[in-house]
Amino acid sequence: MKIWICYPPLLSVKGVPQLTQNRQFQWFSNPTYIYPYVPATAATLLKLEGHEVEFVDGIAQQWTYDRFIKYLEMKKPDLIAIETKTPIIRQHWTIINDIKEISHETKVVLMGDHVTALPDESLMKSSTDYIITGGDYDLALSKLARYIEDDAHPPSGLWYRDKDGEIKTTGPPEYWKNLDPLPFPDRQLTKAWLYYENWYKRWPFFYTMAGRDCWWRRHGGCSFCAWTVIYPYFRTRSPERHIEELQMLVEKWKVREVFDDTGTFPSGKWLEKFCKLMIETGLNEEILFSINYRFDAIVRGGLSMAKLMKKAGFRLMKLGLESASQRTLDMINKGI
């Protein structure tokens, strides 16, 4: 089966849209292209399962819409998977209708927090064929491809129209319990060199993702976070497995700086083990390493942990400073 993991170019003069990883949507005036790690894992899994996969990111590749349409006319894939967000869902409905006019046989699946919250809406208001709910797109797309190709059992968390046009669902989504067996994303397939943020210091600069969601979820999670919709709980790969990926990036891609895009990087014993492995393997001398984190985790870890992280090669932490008002922080369950 010919499958696209796809971010069609959007028609706007507002800037570069940021919707990968289903983060808080915004338009960037300075180009910023954050690597869609879970869709990249999905593309890799599908390729390993024998499908003909293309990672068509018209945003990061800076395509015009006309170029995207011409490429679609030439290739006509069997399945296109598009990650969407509330501010641009109507644009995606229009694009899906265009896709169907050009290639009627192409099946289109939408995924992301918006369609997880409102799964039937896009089926009613566009030519979308399938809705994947939840955030483990790699698991769901793998099973969806099997279902379409072999008439196998449909994946959990799927919404679709039956032969009579009635909207059906297979129930709540399924999630990986263990992330360690998942393959590392194929950076060649997914054009990983296209993705970066303007604050990096060294090149090549790549992304990793040690965990899915944020460990603050066990305390209810921040009420404004999109990931509370698509992930039910926090999961990580082991520190050893994460080190394996970093070693591969250094050896194969000569990477010199890494940003880990986990919602909030693991703390406590996991972090301590990871730092010690960075030092033992010498990766702390090879790469600069940066993360999303929480200020209270820095305080709780204390000076000794901060010094260990510095020795391990950590350079930068992105901390959410949403408000100076404690009342507001309490309302959004920030926990600080």
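**Entry 1. Backbone at Q62, N333 and W203–P204**

I began with Q62, which sits in the loop between β4 (52-57) and α2 (65-75) of this predicted model. Q62 is not a glycine, yet I read a positive phi of about 60 degrees for it. I noted this because most residues other than glycine have a negative phi. I then looked up the cover of Q62 and found it exposed, with a relative accessible area of 59%.

I turned next to N333, in the segment after α12 (326-331). Its phi is also positive, near 60 degrees, and N333 is a residue other than glycine. N333 counts as partly exposed, at 28% relative accessibility.

For the peptide bonds, I recorded a cis bond joining W203 and P204, with omega about 5 degrees. P204 belongs to the loop between β9 and β10.

**Entry 2. Helix α1**

I checked the length of α1 (residues 37-48) against expectation. Its 12 residues should span 16 Å at 1.5 Å a residue, and the end C-alpha atoms are indeed 16 Å apart. I then listed the buried residues of α1 as Y37, V38, P39, A40, T41, A42, A43, T44, L45 and L46. Since 10 of the 12 residues are buried, α1 is largely enclosed by the rest of the structure. After α1 comes G50, where I noted a positive phi near 100 degrees.

**Entry 3. Helix α6 and what follows it**

I repeated the length check on α6 (137-150). This helix of 14 residues reaches 19 Å from its first C-alpha to its last, close to the 20 Å expected. Which residues of α6 are buried? I found Y137, D138, L139, A140, L141, S142, L144, A145 and Y147.

Just after α6, D151 adopts a positive phi of about 55 degrees. D151 is placed in the loop between α6 and β8 (158-161). I recorded D151 as exposed, with a relative accessible area of 65%. D151 is also one of the residues in a patch of negative charge on the surface, where it gathers with E52, D78, E149 and D150.

**Entry 4. Salt bridges**

Side chains of opposite charge can pair when their charged atoms come close. I searched the whole structure for such pairs and obtained 21 salt bridges. I examined three of them individually.

The first entry is E174 with K143, whose side chains meet at 2.8 Å, N to O. E174 lies in the loop between β9 (167-169) and β10 (205-208) and K143 in helix α6, so the pair ties together parts that are 31 residues apart in sequence. Both partners are partly exposed: E174 at 34% relative accessibility, K143 at 26%.

For E245 and R187, I found the closest N and O atoms 2.6 Å apart. This pair links distant parts of the chain, with E245 in helix α8 (residues 239-253) and R187 in the loop between β9 and β10, 58 residues apart. Are these partners buried or exposed? E245 is buried, with a relative accessible area of 0%, and R187 is buried as well, at 2%.

The next pair I looked up was D296 and R300, which form a salt bridge at 3.9 Å, N to O. Both residues lie in helix α11 (residues 295-311), four residues apart, which is about one turn of the helix. I noted that D296 counts as buried at 15% relative accessibility, whereas R300 counts as exposed at 54%. Elsewhere, salt bridges that share partners join D136, D138, R212 and R235 into one network.

**Entry 5. Helix α11 and the nonpolar patch**

I stayed with R300 for one distance. R300 and W216 are 84 residues apart in sequence, and their C-alpha atoms are 14 Å apart in space.

V299 is likewise found in α11, and I recorded it as exposed, with a relative accessible area of 55%. I asked which residues form a nonpolar patch on the surface with V299. They are F295, M317, L319, L321 and I336, and with V299 they have about 540 Å² of accessible area together. I closed by tracing the patch to its elements: α11 and β15 (314-319) each supply at least two of its residues.

Technical notes. Residues numbered from 1 in each chain as written. Predicted model: local features only at pLDDT ≥ 70, side-chain atom pairs only at ≥ 80, totals over all residues. Heavy atoms only, no water. Patch = residues over 30% accessible without salt bridge, like charges linked within 9 Å, V, L, I, M, F, W, Y side chains within 5 Å. Areas by Shrake-Rupley, 256 points an atom, 1.4 Å probe, with all protein chains shown as cover. Salt bridge = Lys/Arg side-chain N within 4 Å of Asp/Glu carboxyl O. Lys, Arg positive; Asp, Glu negative; His and termini not counted. Charge placed at Lys NZ, Arg CZ, Asp CG, Glu CD. Buried < 20%, exposed > 50% of the residue type's maximum accessible area, 1.4 Å probe, protein only. Expected span 1.5 Å × (residues − 1).
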